[in-house]
Structures are given as structure tokens and as C-alpha cells.
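Reader: Hello! I would like a close look at the inside of this protein, meaning its nonpolar cores and its enclosed cavities. Could you walk me through them in one connected account?

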Amino acid sequence: MADEAVCVGPAPTAKSYLNMEAIMEAVRLTGAQAVHPGYGFLSENKEFAKRLAEEGVTFIGPDTHAIQAMGDKIESKLIAKAAKVNTIPGFDGVVKTADEAVKIAQQIGYPVMIKASAGGGGKGMRIAWNDEETREGFRFSSQEAASSFGDDRLLIEKYIDNPRHIEIQVLADKHGDALWLNERECSIQRRNQKVVEEAPSTFLDPDTRRAMGEQAVQLAKAVKYSSAGTVEFLVDSKKNFYFLEMNTRLQVEHPITECITGLDLVEQMIRVAKGYRLQHRQEDIPINGWAIESRVYAEDPYKSFGLPSIGRLSQYQEPLNLNNVRVDSGIEEGSDISIYYDPMISKLVTYGSTRAEALARMEDALDSYVIRGVTHNIPLLREIITHPRFVSGDITTNFLPEVYPDGFKGHQLEAQSRRELLASAAALYVTAQLRSQKILGPLRVSSAPMERGFWELCVELGGQQHHVQVTKSGDLYTVEADGEKVDVCGQWNLASPLLPITVNGTERMFQCLSREASGTIVLQYMGTMFKLQIMSQRAAELNSYMPEKVPEDTSSILRSPMPGTVVAVSVKPGDTVAEGQEICVIEAMKMQNSLTAVKQAKVKSVHCKAGETVGEGDLLVELE
């Protein structure tokens, strides 16, 4: 959308988006008067803001004093206390050693949160419930903090369990005026990173909202803040709220605030940077309707609620044909998702006059979003927004581990949804069979048989075989599955990635991910991918004689669960490892992941070394 673009360097961020000199050169080259720093990278870097000022270029954000004060979690907490903002009990100094960390944690009382002083985005944060976890957390957090922010200072504070993460959007000008633009509920998280956000929150009442908003403005004024910023709070079950941190930049989830207030936050940031006064008063800020944002990631949600996936988007189609749907993305069909950046594909935002309307729209949008070539987290997003606990508003930052204690397993089929899936797959199979029998042009054989109207099929789903009968009458298929009849009709465009099908009068959006000559069909249904094998009764009888592929014994080998860089290898051939012992550490998308042994064994061979780049599934270590 820009009139011109300047390449600021190669893919690794240290050589491009974090390379201040390259960006300053781009500013000189284009004659830019101002720089909007976006969401990450240098957006909260006081050095960058200072360098722009030296060149007479406006930084579209707060001044360096506010960035420094709020970017340091220790200093920001002291300023918040002085500004009469509620804060969490904890240790306000810098923690130097693991022993000191243990001592402080014992004084505060477990559980505690160990986090990077210069951190953000969930990086360099660990929760510890005992002394041993405090030592381990100290080590990992300082390493992550050093690699992500170049600053390994840590602090420790009381961890509030069952909290909600609710943030207040503030907007301030250079003339001492500041507003709060209501709240955003950001409690649905994994690894301290947000997954689904909404505005407003189902939990806050007008009095709590006002109290939080007023404290957020007090803090903004205390640091002479100007621009858009976010004050994050933890809110406990009794609506007590505690200051967490202030983000001195635009947040990824800002569109939901724009939806309910009608304000364009980026426009406001540019106006403030130019020196204009705010156009609105506090009483002018409305809450109109409800907005929800789903962060669509190139991640495998079946691994720790989302381990990064890389690849090329072979097919990509955003659901922009739906009303009140907004998609903010930086990619298109054919784009590569690489190991160098955050794996976010887009921010999918839906808006409605009520929460139920916004949720229903989000469901449709997720079902109609076509992403091929990378693993994505749409199955998880769709399960979250339809889960009874989420729908009722009963959420905390522990939502995912509480709802899915054994990990996310995708949509669990009940009897009715299983029948719907079996019937739709059988109808799709028959449609494909009929299409393949047609001859284009004039028929060479005048006595061509009439089109069939009845099929007996065997459909295998999740290791179970189902006897299915299909009757076709015009465009309508009547399918008998599991002893009940299901009516299926739709526009069977087999070339389209989206299949709008009406099942027993209910409209459903299916996606056909693949169809093979063997009768294997992979369908995306209710967000989750299901693999079905459809055969004639005779083929099913013969298939029972086919040999089965024996799965690999994974207890004796360690494969990389994701693409990334090997940071450290803790073992060598001949070593004996205990169950749960760390074997190596892989860094992917700015997060460090410790890989451990699943059993006690002797190390047979090591196939990786520190500094190497590995792909998902690459063999790292073999055990005897």
C-alpha cells in the first residue's frame, strides 16, 4: 500500500529491523519526516527515538523519557506506586544470582513470577512454585532476556493465580491531556502470549472500568506520556486490579478498541506526534457493540497449544466477503513464513452489536479462512470461541491448561456432528465419482447407462468403520449413517477450497484439504482437520488384507518438534541420561525450548551442535 519501499537488510532481525543505521539510511533516502515504529522491534527503544530526534525526524510515539521509565519494569513499578496506581507485591531491585532469587521468592511466598526487566511479549518469563523451579526459571529467563533484549536483568513478584489480564488503552497529547479508551480482555493466553482478545470485557462493571481507566491516565500523566499506549493490569476474582506494565507503543490488539470507539488509533498517534491537541473528551468515548480478535498463527496447536510452523502459503484466502470482518495481515498467497519472525499470519477481527453476534461472526470467519502450506492454529481458535466457559465469560489466564489439561486434541465429535461429517464426506465422494464418469462433448456411445442413484459405502473415521448408504435425488443426497438419515445438499464445486453445504437444514462451511484416488479425503470441519477413507463395500473387504505401517519407536530418539536454532547440547555419546533430563535447547521465533529425555538411557549418538539450524522432525539425538 506504500508508494515506495526500501529494503533495510537481510532476513535476520539484527541485520534489518533492529539495525538502526539501516533504518536511518532509509529515512534519509526517502526524506521521511516521521517514523511509525509498528508493534515490535524498535517500537519501545529509546535509543532509536533519540537518533531520530538528532536527525530532526519525528518519532510517532512517546518521548524517550516515557519509553525509558515504562520500558524498565522496575522503574515503572516505582513510578506507578508514586502515582497511586495499585501494584503487585514483589521485589523491586535487580536479582543477580539464582540463590538470591530463591531467597526473595521464599520471602514473597510461592508462587512467584520471574521476568525480564526489559521484557515484553511473554519472553523471559517463568512461573516458579518451589526453590528448584526458581533456580531453573532464573537460568532460562536470563538467557531468553539476553538473546531477545540484550539485557539479562530480572525481577521477581508475587504470581496471582486465576487472574484476568485486562488492559486499558490510553491516548495522550503533548498538551497534558489524556484519555482512557476503555478496556481489552486479553486473558486467553499460552506461554504468556495472547491468543484471543475482546473489547469490552464481560467481567468489568462501570465502576471498576472507571477506576482502572483513571489510574491508567494518572500513570500516563506521571510520565508526561504522549501518543497511544496501553496500561496492563491483572484483575483477580474479586475485581481487585494490579498494575502489570505499560506498553509505550501501539498494541497488536488495537483494532478491537477501534471497533467499539470508532477512533483510528494510528491516525490519533500521527496527530499527536504533529503536535495537535486531542479532539475528544472523556465523556465522548463510547462503547458501541462488541469486538473480538483472534490471532491467527502459523503454529501447530496440538503441540503445547502452538509450536511454530514454517512453509510457503500455497493457498491463502481471507474471509473478507463477510460483513464486519477485518483482517490485518502482512502476507499473501505465495508468501513464506520463515524462522526469523513471529509466526503470526494475521489478526482476524469481527464486530457485532452484541457479543453473541461478534462470536457467531468469528465462527463463520474462521470456517471461511483458507490457509494451506503451513500448519495453523484455526482449530484451537474455533474451539476457544465456541467453548461454553468462554461463551459464558468464565475465563482466566489459566483457561487453556484448565480446559485442556492433557493438551489440545481438536474438536471432539459427538454423535450428531460425527453423522454430519460422515454424510458430507460420503456425498462429496459420490459427487467426485460422478464427475469423473462424465465425458465432455458429444457421447460416443448412444446407449450410455443412466446415472446411478444409490451407493453402499464404507467410511473409516478415527479407526472406526461406518456402513453408509447414499441416495441421490437431483441435488439432494440422503445419507443413512449410524442408523439415522441425514439430508445433504450444496454447491459441489470441487475446484473451490470452500464447500458451503447445508446439512439437515443447517448451513456448514467445509474445506476439502485433499482428495486422493484411494478414497482418502481430508476435510476441515468445525475448524478441525479430519481424515476419512471412503470405499465401496467390496474395496473395504479387500482392504482388511493390506499390511499396516508400524509407527516409529520415538522413546529412543529425539527429533526437533519445530524448526529453529540449536542453542545448547547438554550431552555427548556415552553419557547416561535420566528421565526428564535436559538434552538440548532449541530457540524458535525468539522462544527457548528445553528438550528432555523420556526415559533413562545411554546416549548412542548426537546429530546436532550449538549454532546449527534444524527443521521440524530432524533427528537430534539417538538413545540406546
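**Inside the protein: cores and cavities**

Author: Happy to! Let us begin at one residue, Leu523, in what is a predicted model. Not counting residues up to four places away in sequence, Leu523 touches Leu421, Ala425, Leu428, Phe510, Gln511, Cys512, Thr528, Met529, Phe530 and Leu532. Leu523 is also among the residues with the most contacts inside the largest nonpolar core, together with Leu421, Val470, Tyr477, Val488 and Leu532. That core has 37 residues, and helix α14 (residues 415-437) supplies the largest share of them, 11 residues. Another core lies apart from this one and has 36 residues, including Trp290, Val296, Ile337 and Ile345. As a general point, nonpolar side chains in soluble globular proteins tend to be buried together.

It helps to place this on the domain map. The assignment for the protein chain gives domain 1 (91-158), domain 2 (164-403), domain 3 (415-435 + 453-544) and domain 4 (557-623). Between the C-alpha centres of domain 2 and domain 3 the distance is 37 Å, and 14 residues of domain 2 are in contact with 10 residues of domain 3.

Now to the enclosed spaces. Searching the whole structure turns up two cavities of 30 Å³ or more. The largest cavity has a volume of about 110 Å³ and a lining of 16 residues, with Gln193, Glu299, Pro343, Met589 and Met591 nearest its centre. Strands β14 (307-308) and β33 (591-596) are the elements that give two or more residues to this lining. Sorted by class, the lining of the largest cavity has eight nonpolar, two polar and six charged residues. Where does the largest cavity lie with respect to domain 2 and domain 4? Both domain 2 (164-403) and domain 4 (557-623) give residues to its lining, so the cavity lies between them.

The second largest cavity has a volume of about 50 Å³. Its lining is made by Lys73, Ser76, Lys77, Lys115, Glu157, Phe243 and Leu244. Here the elements that give two or more residues are α4 (73-82) and β11 (241-247), and α4 gives the most, with three residues. By class, the lining of the second largest cavity divides into two nonpolar, one polar and four charged residues.

How values were computed: Residues are numbered from 1 along each chain as its sequence is written. This is a predicted model: local features need pLDDT of at least 70, side-chain atom pairs count only at pLDDT 80 or more; totals for chains, interfaces and linings use all residues. Side-chain values use heavy atoms; hydrogens and water are left out. On a 1 Å grid over the protein atoms alone, a cavity is a set of points where a 1.4 Å probe fits but cannot get out, and a pocket is an open set with protein on both sides within 12 Å along at least five of seven lines; lining residues have an atom within 4 Å of a point. Grid points are joined across faces, edges and corners, and a volume is the space filled by probe spheres set on the points. Helices (H or I, at least four residues) and strands (E, at least two) are DSSP runs, numbered from the N terminus. Ala, Val, Leu, Ile, Met, Phe, Trp, Tyr, Cys and Pro count as nonpolar, Asp, Glu, Lys and Arg as charged, and the others, Gly among them, as polar. Domain bounds come from an automatic or database domain assignment. A nonpolar core is a set of buried Ala, Val, Leu, Ile, Met, Phe, Trp, Tyr and Cys residues joined through side-chain atoms within 4.5 Å. Buried means under 20% relative accessible area, exposed over 50%, partly exposed in between (1.4 Å probe, protein chains only). Contact means heavy atoms within 4.5 Å.
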